[in-house]
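Hi,

Could you take a look at the structure below when you have a minute? My notes on it follow.

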Amino acid sequence: QVQVAESGGGLVQAGGSLRLSCAASGSIKRIDAMGWHRQAPGKQRELVATIFSGGNTNYANSVKGRFTISRDNAKNTFYLQMSSLKPEDTAVYFCNAAGVGASNRPFGSWGQGTQVTVSS
């Protein structure tokens with residue numbers, strides 16, 4: 001079983017920065033992809049950024065140039081560096097990981113989410 005946990009959320013003023021962390025733990029053989037998603041009140045969850053095992057990344061248009069996704073493979077930890085934050089970035093941010101477990105079974109796991117609030 002693979003668990004994923006986010007940390008690093010909080011309250012920040014518009015124009016500020018925050019770094020979110022996502023740690024995967026458990027019986028992991030490899031992580032193929034990890035993504036950050038967010039959900040604002042009354043809105044659907046949206047994909048913010050993804051990083052794949054080969055290093056390729058994808059970003060939502062709304063965060064391109066402001067957010068950077070990165071990883072530390074040795075720690076099975078991924079990060080989302082958020083800069084030039086806007087009030088519309090306010091949301092609960094979720095991390096998910098997909099890959100293969102130690103039993104050679106695929107897994108897909110979600111964290112509980114971390115709140116990011118950007119004040120104007």
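**The core**

Met34, Trp36, Leu80, Met82 and Tyr93 touch the most other members of the largest nonpolar core, which has 30 residues. By nonpolar core I mean a set of buried Ala, Val, Leu, Ile, Met, Phe, Trp, Tyr and Cys residues joined through side-chain atoms within 4.5 Å. Buried stands for under 20% relative accessible area, exposed for over 50%, and partly exposed for in between (1.4 Å probe, protein chains only). The elements giving two or more residues to this core are S1, strand S3 (18-26), strand S4 (28-39), strand S5 (46-52), S7, S8, strand S9 (91-101) and strand S11 (114-119). Strands here are DSSP runs (E, at least two residues), numbered from the N terminus.

Before going on: this is a predicted model, where local features need pLDDT of at least 70 and side-chain atom pairs count only at pLDDT 80 or more, while totals for chains, interfaces and linings use all residues. Residues are numbered from 1 along each chain as its sequence is written, and side-chain values use heavy atoms, with hydrogens and water left out.

Back to the core. Leucine 80 has contacts (heavy atoms within 4.5 Å) with Leu18, Arg19, Leu20, Trp36, Val48, Ala49, Phe67, Thr68, Ile69 and Tyr93, leaving aside residues up to four places away in sequence. Isoleucine 69 belongs to strand S7 and is buried, at 4% relative accessibility. With the same sequence neighbours left out, that is, up to four places away, isoleucine 69 touches residues including Met34, Trp36, Ile51, Tyr59 and Leu80. Its C-alpha atom is 9.4 Å from that of valine 48, and the two residues are 21 apart along the chain.

**The strands**

There is an open sheet of four strands, ordered S1-S3-S8-S7, with antiparallel pairing. Strand S1 (2-7) and strand S7 (67-72) are at the edges with a single partner strand each, so one side of each has no neighbour in the sheet. From one strand to the next the twist averages 15 degrees (axes are lines fitted to C-alpha atoms, and angles run from 0 to 180 degrees between N-to-C directions). Two strands count as paired if DSSP finds at least two bridges between them.

S7 is joined by six bridges to strand S8 (residues 77-82), and the two run antiparallel. Serine 70 has tyrosine 79, in S8, as its bridge partner. S4 and S5 also run antiparallel, with six bridges, and alanine 33 is partnered by phenylalanine 52 in S5. Three bridges link S5 to strand S6 (residues 57-59), again antiparallel; there, threonine 50 has asparagine 58 of S6 as its bridge partner.

**Turns and loops**

Which glycine takes a positive phi in the hairpin of S4 and S5? That is glycine 42, near 75 degrees, in a hairpin with six residues between the strands. In the hairpin of S5 and S6, with four residues between the strands, glycine 55 has a positive phi near 100 degrees.

Two residues that are not glycines also have a positive phi of about 50 degrees: asparagine 76 and serine 84. Asparagine 76 lies in the loop between S7 and S8 and is partly exposed, at 24% relative accessible area. Serine 84 lies in the loop between S8 and S9 and is partly exposed at 42%.

**A charge over rings**

The charged end of arginine 45 sits over the ring of phenylalanine 94, 3.7 Å from its centre, and over the ring of tryptophan 110, 4.9 Å from its centre. This label needs NZ of Lys or CZ of Arg within 6 Å of the ring centre and within 35 degrees of the ring normal.

Best wishes
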